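Visitor: I've got a protein model open and I'd like to learn how to read it. Could you walk me through it, feature by feature?

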Amino acid sequence: MARAKDWIIAGLVLLLGRGSGGAGDGKRRLIQRRPASDRAELVVLLLLGLSSLSAIGFIVVYAFDSIAAQTQYLGLALGLALLFFAAALVVTGKELVPEEELVEEYPPPEHPRDQETVEQLVDEGVDGISRRGLLKLGLLGAGGTLGLAALVPALSFGPAFRIKELFATPWRKGRLLVDEANRPWKATDIREADFYTAFPAGADKELQGSPLVLVRLPKDRLALPADLAGYDADGIVAYSKICTHAGCAISMYRVPLFQPDEPSPALVCPCHYSTFDPAKGGTVLFGPAGRRLPMLPLQIDAKGYLRAKGNFDEAVGPSWWGVRNRKPS
Ligand code: FES
């Protein structure tokens, strides 16, 4: 155990480049001086360089979604980076790090003499490495780029800065609600216990901010939060159809009810069963969604057609880290 500790200390000191002078200051050598191994050092440098290049390759491939078979290339680049790094460490261990067996018993490791001996061992050991600076640089380069490659996938948690587009939807004050065949929805078409899909008239139905779910609730059941007061139109409420968990389409409405498990009608996402309460502003009742459904304010025009009274109150779509605390304009 004590011996292992000594060698760990020795390895750390060697890596950090403790000392530069060589064997120590007139003391008796513990390790025979040996010639620098040019070839081994070059091989280690080459392997560290290849590891760095592979890690950089990983980052580059990650940045371009358009690359065909991107996942396979990512795996290949990361695998090669680790492989070259491991090979560099193996060659270092085998060819550059001195191997000496001391048969005498070490005094307790806390003893200052023990420490001195370890330091002398390291000083003498690094004598045999002539390109210490370059090797250090190679090690730092490979370690740094590998670390960077490991951090880059965190970007997939979603955009943090360029998020303006995530708040843009086709919904404006006065925009008519239509069905899939572009027929305008009348308020009287919407019945309780049914579930309807609506789109903005004249806009692209494929946009993330376009589709709505419409349900009608008895007015005495509505309990919208204060900041959503007036968002319903005669008991009809409209929410984004895109689940705030991972973006699937809300496509189930749990009615009729089976008491006591289903105390109120709810909008359900079929992907991971996030369940939203339409009576309370789309709050999450169950499931992995981290925030409620965005709600669209509604009005009924003079002819009885449903129209938007403005944009959603929240960002539409999955809960990227950049959208949680922002509001659509
Ligand atoms: S995408 Fe809706 S619950 Fe996961």
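Guide: Sure! Let's start with a term: two strands pair if DSSP finds at least two bridges between them. Keep in mind that this is a predicted model. Now for a case: strand 7 and strand 8 (residues 283–286) pair in the antiparallel sense, over 3 bridges.

Visitor: Which residue is the bridge partner of T275 in strand 8?

Guide: That's F286. While you're there, look at the hairpin of strand 7 and strand 8, with 5 residues between the strands. In that hairpin, G281 takes a positive phi near 75°.

Visitor: What holds paired strands together in a sheet?

Guide: The general idea is that strands of a sheet pair through backbone hydrogen bonds, and the pairing can be parallel or antiparallel. Here, 5 strands form an open sheet, and the pairing is antiparallel.

Visitor: In what order do the strands of that open sheet come?

Guide: The order is 1-2-3-4-9. Strand 1 and strand 9 (295–296) stand at the edges with a single partner strand each, so one side of each has no neighbour in the sheet.

Visitor: How many bridges are there between strand 1 and strand 2?

Guide: Strand 1 and strand 2 pair over 2 bridges, in the antiparallel sense. To find one, start at L177: its bridge partner in strand 2 is P200. Moving along the sheet, strand 2 and strand 3 pair over 3 bridges, again antiparallel. There you can look for A198, whose bridge partner in strand 3 is L212. Then strand 3 and strand 4 pair over 5 bridges, antiparallel too, and L214 has A238 as its bridge partner in strand 4.

Visitor: Why is strand 2 largely enclosed by the rest of the structure?

Guide: Because 4 of its 5 residues are buried. The cut-off to remember is that buried means under 20% relative accessible area.

Visitor: And how do I read side chains along a strand?

Guide: As a general rule, in a regular strand the side chains alternate between the two faces of the sheet. Try following that pattern with your own eyes.

Visitor: Let's move to helices. What describes two packed helices?

Guide: You use the angle between their axes and the distance between the axes. Take helix 2 (residues 38–63) and helix 3 (residues 70–96): their axes come within 8 Å and cross at roughly 160°.

Visitor: Are helix 2 and helix 3 roughly parallel or roughly antiparallel?

Guide: Angles over 145 degrees count as roughly antiparallel, and helix 2 and helix 3 are therefore roughly antiparallel to each other. Their crossing is left-handed. Sorted by class, the contact of helix 2 with helix 3 has 22 nonpolar, 5 polar and 2 charged residues.

Visitor: At what angle do helix 3 and helix 5 pack?

Guide: Helix 3 and helix 5 (residues 132–151) pack at about 150°, and their axes are 11 Å apart. That makes helix 3 and helix 5 roughly antiparallel to each other as well. Helix 3 passes helix 5 in a left-handed crossing.

Visitor: Next up, disulfides. What is a disulfide?

Guide: In general, a disulfide is a covalent bond between the sulfur atoms of two cysteines. This structure holds 1 disulfide. C248 and C271 form it, with their sulfur atoms 1.9 Å apart. The link of C248 and C271 is left-handed, with -90° about the S-S bond.

Visitor: Where do C248 and C271 sit in the chain?

Guide: C248 is in the loop between strand 4 and strand 5 (252–253), while C271 is in the loop between strand 6 (267–268) and strand 7 (275–277). They are 23 residues apart, and the pair links distant parts of the chain.

Visitor: Is C271 buried or partly exposed?

Guide: C271 is partly exposed, at a relative accessible area of 35%. For two other cysteines, C243 is buried at 2%, and C269 counts as buried at 2% too.

Visitor: Last one: which residue in the loop between strand 1 and strand 2 should I look at?

Guide: Try A193, which lies in that loop. A193 has a positive phi of about 70°, although it is not a glycine. It counts as partly exposed, because its relative accessibility is 48%. D234 makes a second case: its phi is positive, about 55°, and it is not a glycine either. You'll find D234 in the loop between strand 3 (212–216) and strand 4 (236–240). With 40% relative accessibility, D234 counts as partly exposed.

Key: Residues are numbered from 1 along each chain as its sequence is written. This is a predicted model: local features need pLDDT of at least 70, side-chain atom pairs count only at pLDDT 80 or more; totals for chains, interfaces and linings use all residues. Side-chain values use heavy atoms; hydrogens and water are left out. Buried means under 20% relative accessible area, exposed over 50%, partly exposed in between (1.4 Å probe, protein chains only). A disulfide is a pair of cysteine sulfur atoms within 2.5 Å. Axes are lines fitted to C-alpha atoms, for helices over the stretch in contact, and angles run from 0 to 180 degrees between N-to-C directions. Angles under 35 degrees count as roughly parallel, over 145 as roughly antiparallel, 65 to 115 as roughly perpendicular and the rest as oblique. A crossing is left-handed if the near helix is turned anticlockwise from the far one by less than a right angle, and right-handed if clockwise. Ala, Val, Leu, Ile, Met, Phe, Trp, Tyr, Cys and Pro count as nonpolar, Asp, Glu, Lys and Arg as charged, and the others, Gly among them, as polar.
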